[in-house]
Amino acid sequence: MDCIYEGARALYIQPDECIDCGACVPACPVEAIYHQDDLPESLHRHVKDNEDFFTQTLPGKSEPLHSPGGAKRIGRFGADTPLVASYPYQEVET
Amino acid sequence: MSRNKSIVTNNANGSATPFSEPPREADGRARSARLAVVGAGPAGLYAVESLLESASGVSVDVFDRLPTPYGLVRYGIAPDNQKMKSVTRVLRNAFDRESKVRFIGNVCFGVDISRTDLVKHYDAVIYATGAQAERRLGIPGEDLPGSYGAKQFVDWYNGHPDAADRNFHLNVRQVAVVGAGNVALDVARMLIRSPDEIASTDVPDRVLDTFRNSQITDVHLIARRGPVQAKFTPVELRGIGDLVNADVVIRPEEVLVTDDDEIRISSNRELRTNVAMLREWARRPLQGKARRIHIRFLRRPVRILGDNRVEGVLLESNEQLANEQVRGTGSLEALKVDMIFRSVGYQALRLPDVPFDEARSIIPHHQGRVLDENGRSTDREYVTGWAKRGPSGTVGTNRSDSAETVCSLLADLAARGAYNGSKPEQILTLLSNRRVDYTNWANWLQLDDHETELGRRQGRPRVKIPDLRSMLELSHHSNASGSADKTD
């Protein structure tokens with residue numbers, strides 16, 4: 001599928017376009033993708049937040065993204081949900 | 001001409017004339033590279049998607065031996081997983097939007113059309129033919145009536161035309177499924193689903209009738225190795241635990257995780273998820289549901305019992321060794337079952353005239369480039385999907401797999417820069433001359449509409465038409481002369 005969309009700092013899975021095949025879970029190099037049923041309690045708020053990315057009008061945008069039918073055509077959307085945007089930046093060694 | 005020579009010829013004196021730039025059509029447009037994809041399953045159609053994204057000047061013909069696209073999405077993924085089947089929304093895009101992509105169905109590679117034909121008429125060929133056969137157990141009794149390959153059952157419940165004349169009598173109570181992969185889970189799950197659940201799927205009507213009359217109470221899933229060695233993906237395994245109609249029965253002592261296994265689990269979240277699920281199921285009390293699925297680890301079938309038909313299976317207990325292998329302990333147990341399915345792996349078959357690695361049951365390749373017996377690229381032949389990597393991964397796995405193959409193909413095409421000049425109608429003329437009853441995308445859409453309409457009337461997503469003759473008729477394909485003329 002092509003259902004993983006790029007925000008500004010995070011990636012979001014379009015719930016209606018995802019087919020539940022699970023191919024992305026082992027493919028993610030930082031183990032950041034969980035099947036909804038396996039999501040640890042501490043991350044549960046991301047279920048709704050992930051959905052909000054598509055259904056809410058995000059800062060700097062005029063309308064929600066909804067279901068564009070393919071992430072590649074959209075490219076980098078350039079906005080995040082308020083939850084993701086609120087996370088402090090982490091120091092990354094390069 | 002041997003394949004080695006053909007490389008030398010093309011490189012050295014260019015029997016295919018080398019062009020410094022792509023040749024032009026009569027109206028001055030650059031001639032596009034013409035590519036053939038053999039197999040319209042997910043691997044083949046992801047390859048088409050990748051080709052269209054990466055290259056503007058290509059046209060693609062997608063061949064399939066059936067008049068229907070989607071391969072295992074239509075005929076492999078279990079009917080109760082319509083969410084995963086919805087990937088067709090993406091896979092169909094190329095045909096719906098692009099006139100330069102043609103579907104040429106009901107054409108069997110090696111029978112109706114050969115490797116030589118394709119290499120002659122196309123600038124490159126991608127084999128996306130999947131794994132058409134399945135492994136056997138190799139034990140006595142395997143051919144008794146009541147013993148089947150899982151694929152026979154999967155073909156049947158999914159309405160594959162190969163299974164149009166096949167019937168399963170589910171008027172038995174105890175069934176064994178041998179194997180520890182997602183296909184084994186699919187088969188076990190379909191066997192214990194309630195008729196009402198099956199009725200919400202797209203199975204053919206006669207399949208639904210068979211499930212309505214099922215007497216099955218217990219399904220025994222038999223795995224040779226331990227829970228950490230099982231090939232289940234967590235999504236599929238979870239489906240077993242959530243069934244409204246069946247309890248999961250696991251003996252806690254069989255959810256055996258060795259010290260070595262613990263190390264594997266610690267670095268693999270999918271394995272951790274699986275083991276956690278299995279341990280939870282082993283602990284939780286049974287709820288007295290109508291049916292049961294028993295998961296048995298570390299058991300190897302050594303003989304299928306019965307004189308005239310399956311009456312049971314003799315299991316030997318295995319013990320784990322350090323290297324993820326197992327050894328029989330000699331301890332035997334007879335399990336009384338009336339039916340047994342082996343689900344120990346699909347296997348690709350050799351395609352006529354195409355290189356094949358018998359030991360690994362794949363088409364030998366380097367990054368998708370088909371290799372001959374000397375390990376050299378056969379030139380303009382490529383492979384993707386299960387024919388390339390073996391029967392592993394899920395639908396989406398094919399996306400990156402096909403992208404790799406297409407990347408190799410386009411790099412070679414750019415370097416070669418020679419276009420063989422066959423015109424789009426030539427391959428259709430060749431098929432017509434051979435009296436091949438090929439179909440096109442519009443034909444499929446007719447059948448698709450018909451099946452969807454049947455489903456609408458029954459409140460189901462679709463009702464599949466399972467026999468080839470009806471499929472062709474409903475494709476409005478009777479007037480063969482006017483068919484498949486979606487030429488550019």
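User: Hi! Where is Asn374(B) found in chain B?

Analyst: Hi there! In this predicted model, Asn374(B) sits in the loop that runs between strand E17 (369-371) and strand E18 (377-383) of chain B.

User: Thanks! Is Asn374(B) buried or exposed?

Analyst: Asn374(B) is exposed, because 9 other C-beta atoms lie within 10 Å, and the cut-off for exposed is 12 or fewer.

User: And what separates the C-alpha atoms of Asn374(B) and His160(B)?

Analyst: Those two C-alpha atoms are separated by 38 Å, with the residues 214 apart along the chain.

User: Switching topic: how is chain B divided into domains?

Analyst: Domain 1 of chain B covers 3-132 + 348-482, and domain 2 covers 135-345. Their C-alpha centres lie 34 Å apart.

User: How many residues does the contact take from each domain?

Analyst: Domain 1 of chain B gives 19 residues and domain 2 of chain B gives 21 residues. On the domain 1 side, the classes are 10 nonpolar, 4 polar and 5 charged residues.

User: Cool. Now helices: at what angle do H9 and H12 of chain B pack?

Analyst: Helix H9 (residues 182-192) and helix H12 (residues 234-241) of chain B pack at about 20°, and their axes are 10 Å apart. That angle makes H9(B) roughly parallel to H12(B), and the crossing is left-handed.

User: Which residues make that contact?

Analyst: From H9(B) come Asn182(B), Leu185(B), Ala188(B) and Arg189(B), while H12(B) brings Glu236(B), Leu237(B), Gly239(B) and Ile240(B). By class, the contact of H9(B) with H12(B) has 4 nonpolar, 2 polar and 2 charged residues.

Definitions and conventions. Residues numbered from 1 in each chain as written. Chains lettered and ligands numbered in written order. Predicted model: local features only at pLDDT ≥ 70, side-chain atom pairs only at ≥ 80, totals over all residues. Axes fitted to C-alpha atoms, helices over the stretch in contact; angles between N-to-C directions. Helix = DSSP H or I, 4+ residues; strand = E, 2+ residues; numbered from the N terminus. Parallel < 35°, antiparallel > 145°, perpendicular 65-115°, else oblique. Left-handed = near helix turned anticlockwise from the far one by under 90°. Contact = placed C-beta atoms within 7 Å. Nonpolar A, V, L, I, M, F, W, Y, C, P; charged D, E, K, R; others polar. Domains from an automatic or database assignment. Buried ≥ 20, exposed ≤ 12 C-beta atoms within 10 Å, placed from the backbone.
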